Amino acid sequence: MADLTLPTTLAVPEWLATLPDSGALPEVLEQALNSPAHRERWKYTKPAPFVAATQHPMIDPQISGETQSGVVLRQSIDAPLAGFDLEQGPEAIARLCYADRVLTLDISASANEPIVINHAGNTRPMVIRVAAGVSLTLIENANAGDNAQQSIWIELAPNAQVQHSRNALDDAPSHWQYLNVRLQAGAHYQLNNHVTGCGSRRQDIHIIMDGQGADATLVSAGKIERGKALDQQVTLEHRQPRGQSKQTVHNIVANGGKCTFNGRIHIHEGAAGTNAQLSNKNLGMGEHATINTKPELEIYTDDVSCSHGATVGTISQDALFYLTSRGIDRTDAEGLLSQGFLRQCIDGPLADQALATLTGKAGEAA
Amino acid sequence: MSLLNVTDLHASVITDDGAQPILKGLTLNVRPGEVHAIMGPNGSGKSTLANVLAGRPGYTVDSGTATLTERGLLELEPFERAQLGLFLAFQYPVEIPGVSNMEFLKASIDSLARARGDEQPNTATYMKQVRELAASLDLDPAFLKRGVNEGFSGGEKKRNEIMQLLLLQPKLALLDETDSGLDIDALKVVAEGVNRYRSANNGVVLITHYQRLLDYIVPDFVHVLSNGKIIESGDKSLALELEAKGYAWLT
Ligand SMILES: Nc1ncnc2c1ncn2[C@@H]1O[C@H](COP(=O)(O)OP(=O)(O)OP(=O)(O)O)[C@@H](O)[C@H]1O
Ligand SMILES: [Mg+2]
């Protein structure tokens, strides 16, 4: 399909040429883009505009907190990261090639202040490397604008800890966020993701548990209004023993909204003692809410504990009756219930703004 | 003057196999200041009566009337019945994660105040009142921040229902097995709550299986509901008789 063709020939930057298995990178990427597995990830969203936009001119994100001691921001990158993935993120790798620069944040000591990244448009790729035992609070806000894209790789050295909060609450015509996180032994990563649908918003999240006893949590709340779309593709790979992962994703879809969630858990051979949980709940608010949710499990080892659930429902009639039986009218009761549904997944430093946008209410998060 | 009047009520539950008649000509009259206990075997229609009066979806009224303060109930939405002064303490209160008890109670009293044309109570006053009520029912005030009934024990859920009864001050309280699953201390706390609510202006319909509750909340009338109809009415001594003899002698 012509859809999944890179817009122009890639010039592979020198530093990327050392990427293992890259061979002739343009061909490898073209192949990855058209593999059946990758096409499946684009089943419900038209890929063409996203693939085409990988070569759009990029600007720097606005970053604060980068001048603290222990933090270094570079306008270049020296070598590929182990988390770079040609198979799953070919568009993101292509973007690395099209970018004139890649920003690198090296965190070598626990920072007092959070690092805040604001994306006011189509921003350059970023690599964030967190050194062993270091903890970091990372705050990311997207105000995407037209055809904006972000691609970020986070590398957690052993026992590093990252609290990542991310809001994408704007109403861009089209917006793509690619996030790849690789955790080494004993590292902890938490993402609080708050998102609205927009013209067409796509979030690819790839978390790789690449060391023993790593721990990852993903909590996401999304609201998709009429005429808006959100497509979330999450892959969580357990490559090493005794990792723990927990994903809780709640999306509420208005009449005429469209939401896709594809949550794949891949437990590799040898990842014994893994505990992986994923719960995706969708609330449709009308007959014409489109919801696609696909749980995928690939388990190649015994001795794992894994739960994976996806539900699509409407507001609970029992809960609605309970609230209305206390004098609250139907519209208000439905409002409380849908807010409550999202609030269960709103937390962290960006919770207030998320509450205001997603539930129309200021107040305490769950 | 009648507070709650139910006359010859026939109602069905909607099941996958069609409508199944449950209430088969039920008549009940509650005047202000009265407490009526309704007893009866499992499946006789006690919860159905409470649900039909409160307007729970899933039931149809086939014939008959029900009024609260002489206003027809059956054609109203559940929230309108509540605004008219009806309150149902649920046999199985639902858990609603994400909606805090505080927020829920505030929405409720604000809605009821608006319906009465009163001003919405000031938040600080309301919080204080809720905290005091919670304490009086042995509910840890920390529960107010939690989701509605979320993670509550069976007994806590029932006490929360009584807390709402005292906060909302309805004209008529329908209590569906509020005593079930309570330990003896909690039973006293709940009974004490109901007695605090009782006044010359309001009424209580108490659905229960146990005469024990009636030692604490003394009813003016006891009715036996069987197969969708009231088949016997009497005073408190009827409950004692039922305790001794069961229901078989009546049917
Ligand atoms: N949603 C429903 N679907 C099918 N049958 C129902 C439903 N609700 C009630 N019924 C049936 O209606 C009858 C009356 O039920 P109801 O709950 O009113 O009894 P009850 O007197 O409250 O019993 P209990 O003492 O056990 O609480 C029962 O036979 C019950 O199975
Ligand atoms: Mg019952």
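Which elements of chain B each supply at least two residues of the shell around ligand 1? In this predicted model, they are strand β1 (4-15) and helix α1 of chain B, and the path from these two elements leads into the two sheets described below.

The surroundings of the ligand come first. Ligand 1 is surrounded by 15 residues, where a residue is counted if one of its heavy atoms lies within 4 Å, and the closest of them are B:G43, B:K46, B:S47, B:T48 and B:H209. With three residues, α1(B) gives the most to this shell. By residue class, the shell divides into four nonpolar, nine polar and two charged residues.

Several polar contacts can be located on oxygen atoms of the ligand. A polar side-chain atom of B:K46 lies 2.8 Å from an oxygen atom of ligand 1, while for B:G45 a backbone N or O atom lies 3.0 Å from an oxygen atom of ligand 1. In the case of B:Q91, an N or O atom of the side chain is 3.5 Å from an oxygen atom of the ligand. Ligand 1 taken alone exposes 640 Å², of which the protein buries 63%.

Helix α1, which spans residues 46-54 of chain B, lies across the strands β3 (35-39), β6, β9 (172-176), β10 (203-207) and β11 of chain B, and runs at about 145° to β6(B). These strands belong to an open sheet of six strands with mixed pairing, whose order in chain B is β6-β9-β10-β3-β11-β12. At its edges stand β6 (86-89) and β12 (229-234) of chain B, each of which pairs on one side only, and the twist from one strand to the next averages 20°. Toward the β12 edge, strand β11 (residues 221-226) of chain B is joined to β12(B) by five bridges, the two strands running antiparallel; here B:V224 stands opposite B:E232 in β12(B).

Strand β1(B), the other element named at the outset, belongs to an open sheet of four strands with antiparallel pairing, in the order β2-β1-β4-β5 of chain B. The edges are taken by β2 (18-30) and β5 (71-72) of chain B, each with a single partner strand, so one side of each is left without a neighbour in the sheet. Within this sheet, β1(B) pairs with strand β4 (residues 59-68) of chain B in the antiparallel sense over eight bridges, and B:S12 has B:T60 as its bridge partner in β4(B).

How values were computed
Residues are numbered from 1 along each chain as its sequence is written. Chains are lettered from A and ligands numbered from 1 in the order in which they are written. This is a predicted model: local features need pLDDT of at least 70, side-chain atom pairs count only at pLDDT 80 or more; totals for chains, interfaces and linings use all residues. Side-chain values use heavy atoms; hydrogens and water are left out. Two strands pair if DSSP finds at least two bridges between them. Axes are lines fitted to C-alpha atoms, for helices over the stretch in contact, and angles run from 0 to 180 degrees between N-to-C directions. Contact means heavy atoms within 4.5 Å. A polar contact is a pair of N or O atoms within 3.5 Å; within protein, one must be able to donate a hydrogen and the other to accept it, and residues adjacent in sequence count only if both atoms are side-chain atoms. Accessible areas come from the Shrake-Rupley method with a 1.4 Å probe; for residues, only the protein chains shown count as cover. Ala, Val, Leu, Ile, Met, Phe, Trp, Tyr, Cys and Pro count as nonpolar, Asp, Glu, Lys and Arg as charged, and the others, Gly among them, as polar.
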